[in-house]
Amino acid sequence: MVELIEPDVALWGSWLESLEEWGAVTQDGSGYHEGRDDVRSAEGFAAWVAYLRERSDPRTPMAAGFVHATHWWIVEGGEYLGAITLRHSLTEKLLEGGGHIGYGVRPSARGRGLAAWALGEVVQRARERGLERVMVSCDDANIASAKTIERNGGVLEDVRETWLGTTRRYWITT
């Protein structure tokens, strides 16, 4: 059964396998940034997972340019399949291109509807947090992601050049 869970150090091996599938640069929606996060050592991975969990606590001080966010991992049978993040607020930069919700599914798990399912779950959680609508964006060339957003009620606001490249910006009423 597929589920959303808090980031968990017990999935380190599966997470690293996913990182290799992504090409070890990033995993969309995971909060991971190569060069900033040490995930290859057990200690570094545990520290990164703790950081992801702390970001959801409004009492946690955030670095300039960062906002509080809740991270979930998409898992099935103990295997890490992807990640999705709900940012609790938007900076000007996130309003331009990043949005409230970011997600990604590891290449070997794509085509199963996991992103659409996870996005639907997190839109409900956004409503529970009091967000009346959320902005979700994707690369203009990412047709699969555009369809995922549209399946979940996304209404295209515009397509624009952003710090992410040519970006489709959608709003979803929660």
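1. Gln124 lies in helix α4. In this predicted model, Gln124 counts as partly exposed, at 38% relative accessibility. Its C-alpha atom is separated by 22 Å from that of Thr91, and the two residues are 33 apart along the chain.

2. The helix that carries Gln124 deserves a fuller description. Helix α4 has 15 residues, and from its first C-alpha to its last it reaches 21 Å, close to the 21 Å expected at 1.5 Å a residue. Its buried residues are Leu114, Ala115, Ala116, Ala118, Leu119, Gly120, Val122, Val123 and Ala126. After α4 comes Gly130, with a positive phi near 95°.

3. Confidence in the prediction may be summarised next. The chain has a mean pLDDT of 93, with 96% of its residues at 70 or more. Among the elements, helix α4 (residues 114-128) has the highest mean pLDDT, 98, and helix α1 (residues 12-22) the lowest, 92. As a general caution, predicted coordinates should not be read in detail where pLDDT is low.

4. As to overall architecture, the chain contains five helices and seven strands. Their order along the sequence is β-α-α-β-β-α-β-α-β-α-β-β. The C-alpha trace spans about 40 × 35 × 30 Å along its principal axes. The radius of gyration of the chain is 15 Å, which agrees with the value near 16 Å for a compact globule of 174 residues. Of these 174 residues, 48% count as buried. Among contacts with a separation of 6 or more, 59% are made by residues 24 or more positions apart.

5. Which residues have the most contacts inside the largest nonpolar core? They are Ile84, Ile101, Tyr103, Leu119, Val134, Val136 and Ile149, in a core of 25 residues. At least two residues of this core are supplied by each of β2 (69-76), β3 (79-87), β4 (101-105), α4, β5 (133-139), α5 (143-151) and β7 (165-173). The largest share, seven residues, comes from α4. A second core, of 15 residues, lies apart from this one and includes Leu11, Val39, Leu52 and Ala83. In soluble globular proteins, nonpolar side chains tend to be buried together.

6. Ile149 illustrates the packing of the largest core, being one of the residues with the most contacts inside it. Neighbours within four places in sequence aside, Ile149 is in contact with Tyr103, Leu119, Val136, Ser137, Cys138, Gly154, Tyr170 and Ile172. Of these partners, Tyr103, Leu119 and Val136 are also listed among the core residues with the most contacts.

7. Helix α2 (residues 42-54) has 13 residues and reaches 18 Å from first C-alpha to last, close to the 18 Å expected at 1.5 Å a residue. Gly44, Phe45, Trp48, Val49 and Leu52 are buried in α2. Seen down the axis of α2, these buried residues fall within an arc of 135°, so they line one face of the helix. The elements that cover them include α1 and β2. Leu52 is also among the residues of the 15-residue core.

8. In helix α1 the buried residues are Ser14, Trp15, Leu16, Ser18, Leu19 and Trp22. Their cover includes α2, β2, β3 and β4. Helices α1 and α2 are thus each named in the cover of the other. Just after α1, Gly23 takes a positive phi of about 95°.

9. Is Tyr32, in the loop between α1 and α2, buried or exposed? Tyr32 has a relative accessible area of 4%, and it is buried because this value is under 20%. The C-alpha atoms of Tyr32 and Asp8 are separated by 14 Å, and these residues are 24 apart along the chain.

10. Leu164 is found in the loop between β6 (155-162) and β7. With 43% relative accessibility, Leu164 counts as partly exposed. Although Leu164 and Gly97 are 67 residues apart along the chain, their C-alpha atoms are separated by 6.6 Å. Not counting residues up to four places away in sequence, Leu164 touches Gly97, Gly98 and Ser137. Ser137 is also a contact of Ile149.

How values were computed. Residues are numbered from 1 along each chain as its sequence is written. This is a predicted model: local features need pLDDT of at least 70, side-chain atom pairs count only at pLDDT 80 or more; totals for chains, interfaces and linings use all residues. Side-chain values use heavy atoms; hydrogens and water are left out. pLDDT is the predictor's confidence in each residue, from 0 to 100. Helices (H or I, at least four residues) and strands (E, at least two) are DSSP runs, numbered from the N terminus. A nonpolar core is a set of buried Ala, Val, Leu, Ile, Met, Phe, Trp, Tyr and Cys residues joined through side-chain atoms within 4.5 Å. Buried means under 20% relative accessible area, exposed over 50%, partly exposed in between (1.4 Å probe, protein chains only). Contact means heavy atoms within 4.5 Å. The expected span of a helix is 1.5 Å times one less than its number of residues. The arc is that of the directions from the helix axis to the C-beta atoms. The radius of gyration is taken over C-alpha atoms; the globule rule is 2.2 Å times the number of residues to the power 0.38.
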